[in-house]
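User: I'm new to reading protein models and I'd like to learn on a real one. Could you walk me through it?

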Amino acid sequence: MFQQGRNAREAGVCLPQTGGFEGVFNVAGAENMNRAAISLKRMLTVELTGAEILVRSLKEEGVTHLFGYPGGAVLHIYDALYQQEDVKHILVRHEQAATHAADGYARSTGKAGVALVTSGPGATNAVTGIATAYMDSIPMVVITGQVFTSMIGNDAFQEVDSIGITRPCVKHNFLVKDVTDLAETIKKAFYIATTGRPGPVVIDIPKDVTANKAEFNYPQTVSMRSYNPVVKGHIGQIKRAVAMMLSARRPIFYTGGGVVLGRGAAELTALAQQLNYPVTNTLMGLGAYPASDRQFLGMLGMHGTYEANMTMHHCDVLIAIGARFDDRVTGNIEKFCPHAKIIHVDIDPSSISKNVKVDVPIVGSVPDVLQEMIALIKGGNKKPDEDAISEWWDQITEWRGADCLKYDEESGKVKPQQVVESLYRATHGDAYVCSDVGQHQMWAAQYYKFDKPYRWINSGGLGTMGFGLPAAMGAQLAHPDATVACVTGEGSIQMCIQELSTCLQYGLPIKIIALNNRYLGMVRQWQEFFYDGRYAMSYMDALPDFVKLAESYGHVGMRIDNPADVDGAMEEAMKLKNRLVFMDFVTDQEENVYPMIPAGAGLNEMILV
Amino acid sequence: MRHVISILMENEAGALSRVAGLFSARGYNIESLTVAPTEDASLSRMTIVTRGSEEIIEQITKQLNKLIDVVKLVDLSDDEHIEREMALIKVRAIGEAREEYKRLADIFNGRIIDVTETTYTIELTDSGDRIVEFLAAINADEIIETVRSGVSGIARGEKSLHP
């Protein structure tokens with residue numbers, strides 16, 4: 001009955017159409033009086049389109065950046081975005097990058113990242129990024145456009161069942177069929193994405209819903225009878241765990257991404273230092289405990305350090321926190337920590353006793369549980385057995401003596417390890433390091449010592465090549481003054497290379513550290529070890545000239561092929577504060593990632609070099 | 001071990017596919033699945049019969065609990081419970097067989113709910129085992145078709161599943 005004029009909308013009021021107005025007042029009778037009252041109420045309340053409600057809701061959620069790509073089904077939303085300045089839209093060059101950039105934003109801030117894509121191919125292109133976030137429990141809200149509600153199921157142009165396609169790789173998803181449900185759905189989406197074990201949530205919005213109007217009231221609170229994540233751990237279990245920890249003679253903290261995501265890094269550091277116990281982080285947990293600290297043993301698992309894996313294998317009490325006993329960590333599960341009693345703290349009950357049976361399970365948020373532990377230890381009489389712990393440290397020092405991360409520094413070739421160490425020095429260990437997937441990812445994890453959480457950003461669970469550059473865009477937008485490095489390979493970078501264009505458009509001074517060995521290095525390494533050196537399709541022929549490529553996108557390109565030039569080039573690149581620099585390091589072609597646990601072996605059966 | 005899991009969930013579009021998708025994605029098997037709204041129309045009640053080791057059943061219940069639409073669930077096999085299933089069996093009923101199937105239906109507390117010159121349709125509501133026994137008692141050649149509802153389960157006594 002009512003329509004908003006352009007000026008009226010700007011003024012925030014709603015004007016009635018003349019016809020409707022007369023219709024109300026010309027007819028007599030109580031029912032019509034009632035209708036008149038409702039109409040008057042409508043005149044006084046502001047009705048917004050679904051698109052406007054969406055944008056206003058994002059603002060209410062504190063969203064500063066929205067990564068997206070327009071298309072038919074989301075045109076109303078783009079029109080609403082165009083008419084405001086609170087939520088900044090970043091135009092990527094491919095929807096996969098929109099989700100990875102939102103993901104990088106989330107991983108570097110702890111806040112939910114938000115992406116917007118159109119229906120059909122927009123949604124399917126986004127799926128890789130959604131699955132990447134799901135596997136690493138990253139809070140993200142992805143808005144997908146959808147065809148008109150009346151067309152759903154008719155194989156309409158650019159229609160795909162986004163809810164069906166994303167169902168196995170989201171924490172939850174919603175199809176909004178009525179504009180009056182939109183604001184509440186958005187509130188729920190952010191609540192679900194960011195609480196409990198975080199994860200991506202998809203909101204699929206048909207085009208007509210973005211055009212239809214409703215009153216806008218953003219809910220201040222949300223409560224769902226079917227979703228109540230636990231925070232506090234069971235105090236009885238925590239007491240049992242503390243008693244077990246204090247009676248340990250050979251303890252170790254094994255901590256994962258849950259400590260970073262749950263904001264428990266400070267508590268972990270306090271607890272580990274209170275006890276003087278060794279700490280190892282998973283690939284996802286790097287930065288949760290300061291890597292430069294004496295008690296840190298490095299990363300564990302397939303490409304973890306010798307000392308971390310040996311300490312794990314021989315421990316008598318394993319304190320697992322926010323980690324999920326992934327196959328890349330445990331090696332052969334039959335041989336995993338044979339002497340250990342296991343304590344496991346996790347927000348997600350389904351992570352507990354999934355792969356490895358634990359003795360003391362504690363479901364709760366990491367900082368809450370660790371604070372309880374710290375207080376119990378401080379308030380109690382029992383102290384760790386100092387002699388036993390000192391003996392344990394002696395043993396660990398002996399394992400450290402293997403110097404498992406040493407590499408040939410005299411080869412005359414640029415060594416990938418050397419490049420990462422150089423990056424560490426040039427950035428004073430304080431950069432946001434976004435990695436792609438492969439050998440370079442492992443070298444970055446091994447040789448860059450992360451002292452703070454949120455600095456190490458990589459696709460650990462899904463292992464998505466192409467993640468690095470768009471993730472770095474998200475991190476750089478979230479931290480405009482920080483140094484953001486993208487450690488990548490010549491294979492991975494080409495999977496989202498088009499984003500160099502986005503970086504130019506928004507002036508993102510990312511430092512791309514490409515470890516170019518002309519091989520899909522991790523594939524080649526496995527082919528060398530397990531397929532008698534038959535390098536099937538792992539050689540990258542016909543590579544572009546990355547220097548010229550970077551330059552053609554308006555950036556700075558550098559090629560470094562002499563080990564003596566590595567540090568100088570790195571310093572020079574870091575000085576170019578406002579420019580993206582693509583550093584093409586021509587590295588030793590057949591360098592392998594060591595140490596390594598071969599498939600089927602236990603943590604104590606590492607190949608050192 | 002066979003387990004009967006009873007789930008109270010939001011009566012939302014797509015809730016069923018979330019459960020079915022979880023089972024197929026994680027390689028759990030479903031022996032039967034039934035679902036319908038409860039007296040509170042906003043809730044559905046589902047009964048799933050599945051098989052697995054204790055570890056697998058523990059994972060199944062944890063993963064189901066993780067689904068946002070799942071309000072509550074209980075493994076009915078942990079305690080005393082009742083299971084019922086309904087079957088509709090259409091048999092060839094000609095000549096002497098007509099009297100024979102009438103008797104058989106009576107013995108199993110079944111009801112003949114449709115009669116034609118050549119067929120009977122028998123409704124039987126009982127435990128799954130009893131239905132299997134009934135089917136075994138009929139000559140397989142005489143069965144035209146069988147429809148089984150899958151198991152519905154409920155705890156005995158005061159115990160109940162509420163939001």
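Analyst: Sure! Let's start with a definition: helix axes are lines fitted to C-alpha atoms, over the stretch in contact, and the angle between them runs from 0 to 180 degrees between N-to-C directions. Keep in mind that this is a predicted model.

User: Okay, how do I describe two helices that pack together?

Analyst: Two packed helices are described by the angle between their axes and the distance between the axes. Here, take helix 4 (residues 50-60) of chain A and helix 5 (residues 75-82) of chain A: their angle is about 55° and their axes are 8 Å apart. Angles under 35 degrees count as roughly parallel and 65 to 115 as roughly perpendicular. Helix 4 and helix 5 of chain A are therefore oblique to each other. Their crossing is right-handed.

User: Which residues of helix 4 and helix 5 of chain A meet?

Analyst: From helix 4 of chain A you have A51(A), E52(A), L54(A) and V55(A), and across from them in helix 5 of chain A sit H76(A), I77(A), D79(A), A80(A) and L81(A). Sorted by class, that contact has 6 nonpolar, 1 polar and 2 charged residues.

User: What about nonpolar cores? How should I think of those?

Analyst: In soluble globular proteins, nonpolar side chains tend to be buried together. In this model the largest nonpolar core has 205 residues, and V141(A) and I513(A) have the most contacts inside it. Helix 9 (residues 182-194) of chain A gives the most to this core, with 8 residues. A second, separate core has 10 residues, including A87(B) and I131(B).

User: Which residues does I513(A) touch, leaving aside its neighbours within four places in sequence?

Analyst: I513(A) is in contact with V419(A), L423(A), A485(A), C486(A), V487(A), T488(A), M583(A) and F585(A).

User: How do I spot something odd in the backbone?

Analyst: Most residues other than glycine have a negative phi, and most peptide bonds are trans. Now for the exceptions here. S137(A) isn't a glycine, yet has a positive phi of about 55°. A542(A), also not a glycine, has a positive phi of about 60°. And the peptide bond from Y594(A) to P595(A) is cis, with omega near -10°; P595(A) lies in the segment after strand 20 (581-586) of chain A.

User: Where is S137(A) found, and is it buried or exposed?

Analyst: Look in the loop between helix 7 (121-135) and strand 5 (140-146) of chain A. To judge burial, count the C-beta atoms around a residue: 20 or more others within 10 Å makes it buried, 12 or fewer makes it exposed. S137(A) has 25 others within 10 Å, so S137(A) is buried.

User: And A542(A), buried or exposed?

Analyst: A542(A) has 4 other C-beta atoms within 10 Å, so A542(A) is exposed. You'll find A542(A) in the loop between helix 22 (521-530) and helix 23 (546-552) of chain A.

User: What does chain B look like?

Analyst: Count its elements and read their order. Chain B has 4 helices and 9 strands, in the pattern β-α-β-β-α-β-β-α-β-β-α-β-β along the sequence. Its C-alpha trace spans about 55 × 35 × 30 Å along its principal axes, and 25% of its 163 residues are buried.

User: How many residues does each chain bring to the contact between chain A and chain B?

Analyst: Chain B brings 16 residues and chain A brings 12. On the chain B side, helix 2 of chain B gives the largest share, 5 residues. By class, that side has 5 nonpolar, 5 polar and 6 charged residues.

Definitions and conventions
Residues are numbered from 1 along each chain as its sequence is written. Chains are lettered from A and ligands numbered from 1 in the order in which they are written. This is a predicted model: local features need pLDDT of at least 70, side-chain atom pairs count only at pLDDT 80 or more; totals for chains, interfaces and linings use all residues. Two residues are in contact if their C-beta atoms, placed from the backbone, lie within 7 Å. Helices (H or I, at least four residues) and strands (E, at least two) are DSSP runs, numbered from the N terminus. Ala, Val, Leu, Ile, Met, Phe, Trp, Tyr, Cys and Pro count as nonpolar, Asp, Glu, Lys and Arg as charged, and the others, Gly among them, as polar. A nonpolar core is a set of buried Ala, Val, Leu, Ile, Met, Phe, Trp, Tyr and Cys residues joined through C-beta atoms within 7 Å. Angles under 35 degrees count as roughly parallel, over 145 as roughly antiparallel, 65 to 115 as roughly perpendicular and the rest as oblique. A crossing is left-handed if the near helix is turned anticlockwise from the far one by less than a right angle, and right-handed if clockwise.
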